Amino acid sequence: MERKNNHRDEAQNRDVTQNRDVSLNRDVNSNHRIVVTLSCPDQPGIVHHVTGALFQAGGNIIESQQYGSQQTGTFFMRIEADVSLPTDDVAAQLRPVAQQFQMDLSVWDASAPLRTLIMCSKAPHALEELLSRQHAGYLPIEVPLIVSNHTTLKPLAEFYGVPFAHIPVTKDNKPEAEAQLRELVAEHDIDLVVLARYMQILSDELCTELAGRAINIHHSFLPSFKGARPYHQAHARGVKLIGATAHYVTSDLDEGPIIDQAVTPVRHDRTPEELVQQGSATEAQTLARAVRWHAQHRVLLDGHRTVVFD
């Protein structure tokens with residue numbers, strides 16, 4: 001009888017332990033991941049106050065990166081944390097700290113993909129790279145719409161099941177075309193605009209409206225090889241490296257804050273067409289990487305430069 005009671009007690013203890021483990025797992029699973037980004041004038045105590053506020057909000061810091069710019073005197077920080085409170089409540093907990101240190105602070109739900117509008121013209125490489133990576137789960141973005149000034153890439157959009165809007169652009173209708181684009185950005189609640197080899201120049205007004213949330217890609221020959229047929233110009237000069245630059249869009253054409261760059265070596269016997277092919281692959285990969293970093297809230301602006309916590 002005593003042995004049976006012991007077995008029964010052991011079974012009850014196992015049940016209690018299992019129930020406790022289930023309860024703990026349920027609490028852990030109720031947490032969600034947030035990303036906190038901030039920039040402010042550099043001074044002592046920033047990290048202490050931010051992490052303390054997160055602790056008071058029940059946060060568990062998973063990743064933390066920081067940088068102090070000696071050139072601008074600005075402090076930058078990115079934190080990933082698991083929290084049980086809603087994202088808005090965590091932001092409210094951090095608000096007094098942001099006010100104390102004059103911070104530009106944002107709190108993001110890490111599981112929420114950025115709603116991204118992609119713009120393109122005729123070249124498919126950049127668009128296809130973005131769509132294939134997003135489809136495979138490698139890019140934390142949601143693409144509700146593709147906009148193009150041509151219909152060439154509509155079949156590619158249809159293949160990935162993304163709505164396609166054709167907005168022709170001429171010198172006579174450009175204001176109307178941009179007004180239509182603005183309506184689509186507002187209608188689809190767009191967080192990010194990506195120019196995936198969109199061969200039209202945006203107006204200064206639109207660049208200002210999209211500041212910090214529009215990314216472009218271009219061949220990194222600029223400013224050495226401006227204008228038409230840059231790869232042919234480079235070939236004529238016998239370049240040994242070609243590459244690409246992903247940057248934020250500004251009213252200064254192709255001179256916005258740089259997010260990422262890449263180069264690839266080329267041989268003397270490559271034709272201009274082969275340079276185009278190699279350069280296109282580099283452009284597509286560089287743009288996708290810049291979009292991923294932006295979507296993960298890893299890029300902070302420092303004047304005309306960027307801080308990238310990759």
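This passage describes the annotated regions, nonpolar cores and selected residue environments of a predicted model.

In the UniProt record, an unreviewed entry, residues 35–112 are listed as "domain: ACT". Over residues 35–112, helix accounts for 32% of the chain and strand for 42%. The C-alpha atoms at the two ends of this segment are 11 Å apart.

The largest nonpolar core contains 32 residues. The members that touch the most other members are Ile118, Leu127, Leu130, Leu131, Ile146, Leu287 and Val291. At least two residues of this core are supplied by each of the following elements: strand 5 (114–120), helix 4 (125–135), strand 6 (141–148), helix 5 (154–159), strand 8 (192–195), strand 9 (214–219), strand 10 (241–248) and helix 9 (272–295). Helix 9 provides the largest share, with 6 residues. A second core, separate from this one, has 21 residues, among them Ala177, Leu184, Leu210 and Ala214. In soluble globular proteins, nonpolar side chains tend to be buried together.

The surroundings of Leu130 illustrate the packing in the largest core. With neighbours within four places in sequence left aside, Leu130 is in contact with Ile118, Leu139 and Val194, and also with Ala196, Leu287, Ala288 and Val291.

Ala290 is located in helix 9. Its relative accessible area is 0%, so Ala290 is buried. When residues up to four places away in sequence are not counted, Ala290 touches Ile215, Ala246 and Ile259. Ala290 and Val194 are 96 residues apart along the chain, while their C-alpha atoms are separated by 10 Å.

Helix 8 comprises residues 230–237, and Pro230, Tyr231 and Ala234 in this helix are buried. These residues lie on the same side of helix 8, because they cover an arc of only 95° around the axis. The partners against which the buried residues of helix 8 pack are strand 9, strand 10 and helix 9. Gly238, just after helix 8, takes a positive phi of about 70°.

Thr264 is placed in strand 11. Apart from neighbours within four places in sequence, the contacts of Thr264 are Lys240, Leu241, Ile242, Gln278 and Thr282. For one of these contacts, Lys240, the C-alpha atom is separated from that of Thr264 by 8.5 Å, with the two residues 24 apart along the chain.

Two loop residues were also examined. His188 is found in the loop between helix 6 (174–187) and strand 8. His188 counts as buried because its relative accessibility is 18%, and the limit for a buried residue is under 20%. Not counting residues up to four places away in sequence, His188 touches Arg115, Pro144 and Leu145. Asp254 lies in the loop between strand 10 and strand 11 (258–265). The unreviewed UniProt entry annotates Asp254 as "active site". With a relative accessible area of 22%, Asp254 is partly exposed, since this class falls between the buried limit of under 20% and the exposed limit of over 50%.

Technical notes:
Residues are numbered from 1 along each chain as its sequence is written. This is a predicted model: local features need pLDDT of at least 70, side-chain atom pairs count only at pLDDT 80 or more; totals for chains, interfaces and linings use all residues. Side-chain values use heavy atoms; hydrogens and water are left out. UniProt positions are given in the numbering used here, feature names are shortened, and annotations may be inferred rather than shown by experiment. Helices (H or I, at least four residues) and strands (E, at least two) are DSSP runs, numbered from the N terminus. A nonpolar core is a set of buried Ala, Val, Leu, Ile, Met, Phe, Trp, Tyr and Cys residues joined through side-chain atoms within 4.5 Å. Buried means under 20% relative accessible area, exposed over 50%, partly exposed in between (1.4 Å probe, protein chains only). Contact means heavy atoms within 4.5 Å. The arc is that of the directions from the helix axis to the C-beta atoms.
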